[in-house]
Structures are given as structure tokens and as C-alpha cells.
Amino acid sequence: MSVINALLSAAFVVVIGCLPLTGQAGQATVQAESASPQPDIEQLTPDSATEAGLANQFARNQPSEGRSLFMTGRPSDGSSISVLSQGQSLPGELFACANCHRHSGLGTSEGGYQVPDITGPTLFAPIEVKQRELYAERTEGFYTRPAYTRETLRMAITQGISSTGKTLSKVMPRYQLSDAQTDALINYLNTLDYSAPPGVSADNLQLATIVTDDVSAEEKQALLSTLNQFIKEKNAQTRHEVRRVKYSPWHKDWQYDNYRHWELNLWELRGDPSTWFAQLQQYYDTNPVFAVVGGASHQRWAPVSAFCEAQALPCLFPNTDLPPDTPGHYSIYFSAGMNLEARRVIYFLKQHSRYNRVIQVTGEDIRSTVAAKTLAHRVNSLSHAPVAETMTSETMTLSAYLNNPSRTSENSANTLYILWLTGPELKKLPAHSGLTDATVILSSTLLNRQLDQIPEWLSEQSWLLHPYSLPGSTSQRIRSKTWLYARGIATPYERLQSNTYLALSVLTESMMHIRSNFSQDYLIERIEHMLENSPETSVYQRLTLAPGQRFASKGSYLIPLKKLDGSAEETRQYWAAPER
């Protein structure tokens, strides 16, 4: 029997249970297991504005020639186009419209240049200086131009001539497109219309949070108490701003027209993950939302991610250790979870080529399986690829394996043991298991960051995978801890609640900056732009995003346990951001 079939103790058993589906608008509350059934799509009648917004969103995200040119700088058949940039002919894929004008088409700033809004409603309307815009001059500037027509827009795209007849900035490429390609691109720009976004009415903004049935009732309560209290206070603090939009002075209405009363929908998923997409579709059809915020699951998040991509629905900072390897565009995660930890071990092995054998031990937690499989797959890419074995047999415990005389030569300084085990599983290991002289790596995530679960006999030679700020760095969470404490909210799940508080804080700040541009793509873009400078912190060392990045925390410690209390200068050397 090969070692690959060996096991620590029990085989993997994935239990998929279920909590009821509620999906009600308003503040989410913990429901009893006999609560309301799944929503019935046939009973729904969306209002015309929501229906128009969903139809336009659907058209915007369908594969088309215009979308391909906008997003990739290539026609949909994969061929190439040319652009003229400052007199040079260059490949079009270097100058995709989305690179500067972003996915939303609402523009940004780039290298000191203000990249303008090129959405259909903006292009085909004149820009005139109104009295209210005079007050925005110092921060935004203003200019005038006639409305574009299809013909003048064609000239702007291909020749760099604006609707005023003046030459556009030299940073704007001149695209060498056929008439048919230009028409397709203009048609796509017309779909960039955010006048009827899903989940947004004149007064309310619908949000959802997603919880799967493997999350305990206590975890769910901790999540919802944080969400409910934050949204309750946000609504109380902005209730006057919601009214001011109707009565504000003409030169200040732009300051208030983005405020809405937030309503939280609880989307609970039950049963096999293969059914989650359909369940989410039912929830969404019942009551479309503008974004998903927070949430929790101990299963793979891929089915939820797939739904959010299909609906172009922002899914912001769910609490999951198993995000998809390819995160897509509309989901933003705190970190890559177990995938990051496995890659951090690979980085360690690259630095320590003396290890010629890697032995992984997995337990019943699905996260341990995912981490071990990821590491086993990647270890073969090393130039000095060590032999990798995974123990998952019911018939041979780790202790028996290590004390087998035929394995004595393997228990050396050249063998690295990675115990992907939870605290209770670690405690089952006997002190004479043969690991007392070995190099052992443990996962802080699987230990729920409770390091007192590590047996004392294992502490001396163990290293810790820790993709968070170090235990003594309490300042990282001082805002969230103070906020929760002041409101009398118990914090048995500090990571979950701290992350949820940060997700809501970032969403609040980003919504303030999108003003009345209720574009879900633009929301993503604002978060990318603002996260690094957000004063809010979480359990992670540092959170940053650049355009297209979807994992905010990119590094992890791999540090000897006995070094955890070292100075910042001493511990810094154990932090690394491994390549993806």
C-alpha cells in the first residue's frame, strides 16, 4: 500500500446540510430552521425601471464585437487591429478602451490626465456649463462640447477629432477600425447606461449577504449582528441626506443624490453546492440587489463567484478560505486563503532546497484537502522538485508511519512535514509520534488563529503559516474592536466580525464617491482605487488593490513559533508575497 493512501486518522467526510432560504428585504435576522421557504419566481413582477436595468445589464455583458474591442482591443474573432499613438502604429490590445476608461466607461485619472466618461448617455448629450458646475471647478474642472452623433463619434474614435472639431489629446489613440467595427463599438458604448441599475430605487439600495449551511448558528449570529448594527447606524446617520436630495440648493444637489436607505437581504444556501447557482438565481429574481457584501462559508466559494460573474454583481469581501483560483472580475476577496498558504510553502521550499521530501497530513476539514492538493500540484514545478506524499489513509496513523523502521531514514533534516490539521486533530497526535526532531509546518487558519491549541511538545520545531497580522499587533483591529465593544456586540469570531466591519466600511466610503453613478463596475473600480488608503483595518497585515487585482492581502508569514514575539525587524524577514 503506497504512502499516498495512508491517513492520519479518519477519512474525509464532507457533510452538506442546510438552513432555510429567506431572502427578505430589510434587516437580516437569524431565522429558525422552519422559516420561510425558497422564493417562487413565478410570483414576481419587477417594476419597469428594474426590468430595464436588468435588460440593459444583460445586453452589456453579452459577448459581442463591440464588447471585445472595448475590453480587449481585439475583434471577437481574436484577430488584431492597429492604433496610431503619437504617430506610431501599435497593436490594439495595448490600448483597449477599458484600460483607461475602465470597465464602467466612466473614466478615471491616469498619469495626471483626466480620462473622461464615455458612456452612451454622456456621449450623446451636450456638455454645458451649468451654475452648479461652477462650484465644482476647483476639484473637477469643466468644459463644453456639443452632443456626439454616430458620425462625429466615429471621427473621434478613428481620427481623434472631437464633436467640437478640435483635435483630442495626444494620449487618446486613433483606432484603425472598419466601419462595421466602429459601429459595433459605438453600439456597445450605448449599452453603458446606468440610469436604471438593479437594486436601486429613488430611496432605497438593496444589498445581500450570503451564508451557507455549513456555517454554525453562532457564526451566523456574529455575522448578522455586525451587519445589522452597522447598516442600522448608517441609515440613521444619512436619513437627513436622503431627504436633502429633494430640497438641496441647486449647487449642492450632487452632494446628496447618491444617498439611499440600505436594505439588507439574507440569502441562505442549502444543500449540495451544485444547486447554489439556482438558489441564488431565485433570490436575485425575487429581489435584485446592487451588491453582495460580507457573507460566510466553509465550502468552496466557486458557485457563488460564478453566479456573481454571470449577473455582473459585485461580491465584496466574503469570509471564505476557499475562493476560486481564478476570481473573475466582480468578486473581491480578503486573500486567496488556503491557496495562498500552499504557495507560501512553495516559496519556502525554493529558499530551502535541502528538503528532498515533503509529507503532508490532512484531516477532515475540506480546507486541508484543498491546500494539500494545491501544494502537491505546484511542488512539481520546482527545479529541485522534492518527493511529495500525502497521508490520507484510515489504516495507518501518523505515529505508526513515523515509527516504522523502514521510514527511519526519512525522518531527517531533509524532510518537511506539513500538518494541515485543526486544533482538535493536532491534540490527537501522541508526543512520541516521531516529529520531535522534524521541521513541521502548521496552518494558523486551520487552527482558527488559536495558537494555544498547538501541543507544547510540537512548539519548539514548528513553523506557522500565518497570513494575518501577528498576534501582538492589536492595533490592526482597534477600530473594529472598539466599534463592536461600544455597541455591546460579543466577538467570539473576531476575524469574521472584523472583516465584516471592514467590508461595510469600504462599501460605505466607496458609495459616497460614486455619487449618482450607480454602476456596479464603477463601484468595483472605486474600491480598487481607495482600499489602500482606507483607515479601516482587519486581521490582515495590509490590504491593497490595483486594477484587475481581486485578492487584497497578498502575503503570509511562515515563521518559527518561537519567533512570534520578536520585534518587527526580526519578524519581517518571514513575511513574503509568493507569486501566483
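These legends describe close-up views of a predicted model.

**View 1. A sheet of 7 strands with mixed pairing.**
The open sheet has the strand order β12-β11-β13-β14-β15-β16-β17. Its edge strands are β12 (387-391) and β17 (575-576), and each of these pairs on one side only. Strand β16 (residues 556-560) runs antiparallel to β17, and 2 bridges join them. Within this pairing, Tyr557 has Trp575 in β17 as its bridge partner. Strands of a sheet pair through backbone hydrogen bonds, either parallel or antiparallel.

**View 2. Helices α14 and α15 against the sheet of 7 strands.**
Helix α14 (residues 338-351) lies across β11 (357-362), β13 (415-420), β14 (439-443), β15 (462-466), β16 and β17. The direction of α14 is at about 170 degrees to β13. Helix α15 (residues 366-379) also packs on the sheet, where it touches β11, β12 and β13. The direction of α15 makes about 160 degrees with that of β11.

**View 3. An open sheet of 5 strands with parallel pairing.**
The strands follow the order β7-β6-β8-β9-β10. At the edges are β7 (261-269) and β10 (331-332), each pairing on one side only. Strand β6 (residues 204-212) and β7 run parallel and are joined by 9 bridges. One residue to look for is Thr209, whose bridge partner in β7 is Leu266.

**View 4. Phe307 and its aromatic pairs with Phe277 and Tyr284.**
The whole structure holds 16 aromatic pairs. In one of them, the rings of Phe277 and Phe307 have their centres 5.4 Å apart and their planes at 80 degrees, so the pair is edge-to-face. Phe277 belongs to helix α12 (residues 276-286) and Phe307 to helix α13 (residues 302-311), so this pair ties together parts that are 30 residues apart in sequence. Tyr284 and Phe307 also form an edge-to-face pair, with 6.0 Å from centre to centre and 75 degrees between the planes. Because Tyr284 lies in helix α12 and Phe307 in helix α13, this pair ties together parts that are 23 residues apart in sequence. Phe307 is buried, with a relative accessible area of 0%. Tyr284 is buried too, at 2%, while Phe277 counts as partly exposed because its relative accessibility is 33%.

**View 5. A cluster of aromatic rings that includes Tyr468.**
Ring pairs link Phe317, Phe334, Tyr468 and Tyr540. Arg449 lies over the face of Tyr468, 5.5 Å from the ring centre.

**View 6. Helix α21 and its buried residues.**
Helix α21 spans residues 520-530, and 10 of its 11 residues are buried, so it is largely enclosed by the rest of the structure. The buried residues include Tyr522, Leu523, Ile524, Ile527 and Met530. Among them are also Asp521, Glu525, Arg526 and Glu528. At the start of α21, a side-chain oxygen of Ser519 comes to within 3.3 Å of the backbone nitrogen of Asp521.

How values were computed:
Residues numbered from 1 in each chain as written. Predicted model: local features only at pLDDT ≥ 70, side-chain atom pairs only at ≥ 80, totals over all residues. Heavy atoms only, no water. Pairing = 2+ DSSP bridges. Helix = DSSP H or I, 4+ residues; strand = E, 2+ residues; numbered from the N terminus. Contact = heavy atoms within 4.5 Å. Axes fitted to C-alpha atoms, helices over the stretch in contact; angles between N-to-C directions. Phe/Tyr/Trp six-rings, centres within 6.5 Å; stacked < 30°, edge-to-face > 60°. Buried < 20%, exposed > 50% of the residue type's maximum accessible area, 1.4 Å probe, protein only. Lys NZ or Arg CZ within 6 Å of the ring centre and 35° of its normal. Polar contact = N/O pair within 3.5 Å; in protein donor to acceptor, adjacent residues only side chain to side chain.
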